[in-house]
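User: Hi! I'm new to this one and would like a friendly walk through it. Can we look at it together?

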Amino acid sequence: MTLSALTNPNDSASIFDALNPARAAEKEKAGSAEEMGSEEFLQLMIAQLENQDPTKPMDQMAFMSQLAQFTQVSGIQELNESFSGLTETLTGQQALQASQMVGRSVSTSSNVGNLSVLGTNTTGDPVMRMSASVDMGNNATGGSFFVQDMSGQLVFSGSLPAGSGTLPVVWDGVDAEGNTLPPGQYRISAEVARNGANQAASVFAHEQVVSVAIGAGNTVTLNLANGQSLGINEVKEFF
């Protein structure tokens with residue numbers, strides 16, 4: 001839009017109408033700073049100054065008031081655009097960081113572990129693995145790790161060494177009788193010995209991340225190999 005299209009350069013009303021043809025019948029509303037962009041606003045101000053009646057110059061206070069109103073509204077709009085751009089940037093960075101989690105393992109608060117096939121050995125037998133972590137607490141003198149099938153039957157138990165903090169454990173899928181069990185889900189639990197007594201310990205199953213999703217509010221959801229999904233804040237540890 002340019003001032004060369006004006007039909008009557010001496011009529012500020014027609015100038016305004018030319019700048020706002022869709023709102024010519026609503027002059028007060030169309031004159032609001034919130035309804036126009038910076039280019040239109042400046043063109044209108046210039047036109048009003050150039051075509052004002054010399055004997056009745058434009059009220060400087062009114063002019064400054066309009067300018068201040070537009071500056072405030074324009075500043076808010078620019079701030080909103082800046083925040084929008086920042087949000088898009090942060091979302092892109094978050095998506096990039098989340099994509100780097102694919103293929104990695106995470107520990108969760110679940111006590112159900114997933115026994116999976118890693119491949120085969122030299123004799124063609126399947127190589128199995130289930131990983132988890134046990135919270136040994138402080139100064140545990142030892143402990144035990146238990147695996148049950150989903151019906152509750154104990155299929156494996158193993159000793160834990162003395163120690164403190166989080167202890168990673170791996171089960172190869174072989175039961176107490178030396179049989180390789182089928183892949184799938186198994187319940188895991190543990191107990192630790194401290195001060196001459198055994199007590200239950202927290203266990204955290206490990207699962208592999210197969211994909212990630214970013215939802216409303218830029219929340220990151222991890223999709224796991226066992227079909228479950230969990231939020232990034234539910235992850236205990238990455239591996």
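User: Where is Thr 108?
Analyst: Thr 108 sits in the loop between strand E1 (105-107) and strand E2 (112-120). Strands (E, at least two residues) and helices (H or I, at least four residues) are DSSP runs, numbered from the N terminus. This is a predicted model, in which local features need pLDDT of at least 70 and side-chain atom pairs count only at pLDDT 80 or more, while totals for chains, interfaces and linings use all residues. Residues are numbered from 1 along each chain as its sequence is written, and side-chain values use heavy atoms, with hydrogens and water left out.

User: Is Thr 108 buried or exposed?
Analyst: Thr 108 counts as buried because its relative accessibility is 6%. Buried means under 20% relative accessible area, exposed over 50%, and partly exposed in between (1.4 Å probe, protein chains only).

User: What does the side chain of Thr 108 reach?
Analyst: It reaches the backbone nitrogen of Ser 110 at 3.2 Å. A polar contact is a pair of N or O atoms within 3.5 Å; within protein, one must be able to donate a hydrogen and the other to accept it, and residues adjacent in sequence count only if both atoms are side-chain atoms.

User: And which residues is Thr 108 in contact with, leaving aside neighbours within four places in sequence?
Analyst: Those are Val 203, Phe 204, Ala 205, Leu 224, Leu 230, Glu 234 and Lys 236. Contact here means heavy atoms within 4.5 Å.

User: Let's move on to E2. How many bridges join E2 to E7?
Analyst: Four bridges join them, and the two strands run antiparallel. Two strands pair if DSSP finds at least two bridges between them. One of the partnerships puts Leu 115 with Gly 184 in E7.

User: What about E2 and E3?
Analyst: E2 and E3 also pair in the antiparallel sense, over four bridges. Thr 120 has Pro 126 in E3 as its bridge partner. The two strands form a hairpin with five residues between them, and Gly 124 in the turn has a positive phi of about 90 degrees.

User: Okay, different strand: which residues are on the covered face of E10?
Analyst: In E10 (residues 220-224), Val 220, Leu 222 and Leu 224 form the covered face, while Thr 221 and Asn 223 are on the uncovered one.

User: Which strands are joined to E10 by bridges?
Analyst: Strand E9 (residues 203-214) is joined to E10 by five bridges and runs antiparallel to it; Ser 211 stands opposite Asn 223 there. Strand E11 (residues 229-231) is joined to E10 by three bridges, again antiparallel, with Gly 231 as the bridge partner of Thr 221. E10 and E11 make a hairpin with four residues between them, and Gly 227 in its turn has a positive phi of about 90 degrees.

User: Now the interior. Which residues touch the most other members in the largest nonpolar core?
Analyst: That core has 21 residues, and Val 134, Phe 145, Val 147, Trp 171, Tyr 186 and Ile 188 touch the most other members. A nonpolar core is a set of buried Ala, Val, Leu, Ile, Met, Phe, Trp, Tyr and Cys residues joined through side-chain atoms within 4.5 Å. Strands E3 (126-135), E4 (142-148), E5 (154-160), E6, E7 and E9 each supply at least two residues of this core. Apart from it lies another core, of eight residues, among them Val 106, Val 209, Val 220 and Leu 230.

User: Where does Asp 175 fit in?
Analyst: Asp 175 is in the loop between strand E6 (166-171) and strand E7 (184-194). Its side chain reaches the backbone nitrogen of Gly 178 at 3.0 Å, and one of its polar atoms lies 2.7 Å from the backbone nitrogen of Asn 179. Not counting residues up to four places away in sequence, Asp 175 touches Val 155 and Leu 181.

User: One last thing: where is Asn 139?
Analyst: Asn 139 lies in the loop between E3 and E4. Its phi is positive, about 55 degrees, although it is not a glycine. Most residues other than glycine have a negative phi. Asn 139 is exposed, with a relative accessible area of 61%.
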